[in-house]
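Thanks for joining; I would like to walk through one model this morning, and please interrupt if a term needs its cut-off repeated.

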Amino acid sequence: RGGRPKSYWLPGFSNGQGFLTAMLQEVSRSRSGWALDDVVMFTEVTKFEESDVKEAPVDGIYVHGLYLEGAAWSKKENTIVDAPPKVLIAPLPVMYITGVLKSQKKVDYQTYECPVYFRFDPRKRGMTA
């Protein structure tokens, strides 16, 4: 039962960015010849929910607990889609986050670089992402 979680609840961290930076540092240290300054974050939305995660990834981490506002994620199409009518917030499936070299990061026209906003929600007694 010891060891790391299979998936991390990202909104539960008071300093989520610091946690992700530590993950980048760990990935760069595990690779020979990788300098932290040359490593950038790579994310991928998976097709499974937090309860479906059987084991942690070899490199990087799985995170859960994120939501899309004004949009939804289609597992069937593996893409962002318009939110259904009268649905403002939709859960995002588990995301895989790892580090890659800047020179290896592939960006194409279908890549959407989206910021993650953390805000304090007094109804939930903590941070939400």
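I will take a helix, then a serine, then a surface patch.

This is a predicted model, in which local features need pLDDT of at least 70 and side-chain atom pairs count only at pLDDT 80 or more, while totals for chains, interfaces and linings use all residues. Residues are numbered from 1 along each chain as its sequence is written, and side-chain values use heavy atoms, with hydrogens and water left out.

Helix H1 covers residues 16-30, helices being DSSP runs (H or I) of at least four residues and strands runs (E) of at least two, numbered from the N terminus. Because the expected span is 1.5 Å times one less than the number of residues, the 15 residues of H1 should span 21 Å, and the end C-alpha atoms are indeed 21 Å apart. Its buried residues (under 20% relative accessible area, 1.4 Å probe, protein chains only) include Phe 19, Leu 20, Met 23 and Leu 24. The buried residues of H1 pack against E1, E2 (39-45), E3 (61-64) and E8 (95-101), where contact means heavy atoms within 4.5 Å.

Ser 7 sits in the segment before strand E1 (8-9), and with a relative accessible area of 9% Ser 7 is buried. Beyond its neighbours within four places in sequence, Ser 7 is in contact with residues including Glu 50, Tyr 62 and Val 94.

On the surface, Tyr 67, Leu 88 and Ile 89 form a nonpolar patch. Tyr 67 belongs to strand E4 (residues 67-69).

Conventions:
Patches are made of residues with over 30% relative accessible area and no salt bridge: like charges are joined within 9 Å, nonpolar side chains (Val, Leu, Ile, Met, Phe, Trp, Tyr) within 5 Å. Accessible areas come from the Shrake-Rupley method with a 1.4 Å probe; for residues, only the protein chains shown count as cover. A salt bridge is a side-chain nitrogen of Lys or Arg within 4 Å of a carboxyl oxygen of Asp or Glu. Buried means under 20% relative accessible area, exposed over 50%, partly exposed in between (1.4 Å probe, protein chains only).
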